[in-house]
Amino acid sequence: MQDIDLDLLEYLVYTDTDYIKAAVADTTYLPRTVLGVGTFLLDNEGQVDLLTAKQQVTFTKFLKPLLFDVACHGIAGPETCMGNGRIEGDGLLQCYKSNIFRCRACRNATKTQSSSPEEA
Ligand SMILES: [Zn+2]
């Protein structure tokens, strides 16, 4: 597995927990369970190996998709994505901050168009 982007994890665990809350919303898990695993990882430099088996399940179910497998929303819906449908890891933090989920290809495509509201 790729290394965890700790800045990204920190953002999801401490700055804006809504993404984690939304991820657990329709499950039997509690947000604090997932946040606890996230906090543990932050305290241990993202070493997933140090998690218990149960924590690893929680990580794989909720945190891993938020960190590594985020769908591009495309320019006008997911089917309009100009890339491969997934957002590159190095662009994710900005996506979470702006709440605009686009891969690099889609971001570049919108930049050349008339000014769409792209808040920093
Ligand atoms: Zn895209």
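Glu45 sits in the loop that links α3 and α4. The model is a predicted one. In it, the phi of Glu45 is near 50°, a positive value in a residue that is not glycine. Most residues other than glycine have a negative phi. Glu45 is exposed, and 10 other C-beta atoms lie within 10 Å. A count of 12 or fewer is the cut-off for exposed, so Glu45 falls in that class.

Asn99 also has a positive phi, about 60°, although Asn99 is not a glycine. Its place is the loop between α5 (92–98) and α6 (104–112). Asn99 counts as exposed, with 10 C-beta neighbours inside 10 Å.

These loops belong to a helical chain. The protein chain has six helices and zero strands. Along the sequence the pattern reads α-α-α-α-α-α. The C-alpha trace spans about 50 × 30 × 25 Å along its principal axes. Of the 120 residues, 16% count as buried. Contacts between residues at least 6 apart in sequence were also examined: 49% of them join residues at least 24 apart.

In soluble globular proteins, nonpolar side chains tend to be buried together. Which residues make up the largest nonpolar core of this chain? The core has ten residues: Ile4, Leu12, Val13, Ile20, Val34, Val37, Leu41, Phe62, Leu63 and Leu67. Two or more of these residues come from each of α1 (6–15), α3 (31–43) and α4 (53–68). A second core, separate from this one, has six residues, among them Cys72, Ile87, Leu92 and Cys106. Val13, a member of the largest core, has contacts beyond its neighbours within four places in sequence. These contacts are with Leu35, Gly38, Thr39 and Leu42.

Helix α4 bends by about 45° at Thr60. Phe62, Leu63 and Leu67 are buried in α4. An α-helix has 3.6 residues a turn, so residues three or four places apart point the same way. What covers the buried residues of α4? The cover includes α1, α2 (18–24) and α3.

Lys64 is also placed in helix α4. Is Lys64 buried or partly exposed? Lys64 is partly exposed, with 15 other C-beta atoms within 10 Å. The cut-off for buried is 20 or more, so Lys64 does not reach it. Neighbours within four places in sequence aside, Lys64 is in contact with Phe59 and Asp69. Lys64 and Leu9 are 55 residues apart in sequence, yet their C-alpha atoms are 9.8 Å apart in space.

The domain assignment divides the protein chain into domain 1 (6–68) and domain 2 (78–112). The centres of the two domains, taken over C-alpha atoms, are separated by 22 Å. How many residues of domain 1 are in contact with domain 2? Seven residues of domain 1 are in contact with four residues of domain 2. On the domain 1 side, α1 gives the largest share, four residues. The residues of that side divide into five nonpolar, no polar and two charged.

Note on methods
Residues are numbered from 1 along each chain as its sequence is written. This is a predicted model: local features need pLDDT of at least 70, side-chain atom pairs count only at pLDDT 80 or more; totals for chains, interfaces and linings use all residues. Two residues are in contact if their C-beta atoms, placed from the backbone, lie within 7 Å. A nonpolar core is a set of buried Ala, Val, Leu, Ile, Met, Phe, Trp, Tyr and Cys residues joined through C-beta atoms within 7 Å. Domain bounds come from an automatic or database domain assignment. Ala, Val, Leu, Ile, Met, Phe, Trp, Tyr, Cys and Pro count as nonpolar, Asp, Glu, Lys and Arg as charged, and the others, Gly among them, as polar. The bend at a residue is the angle between axes fitted to the seven residues ending there and the seven starting there.
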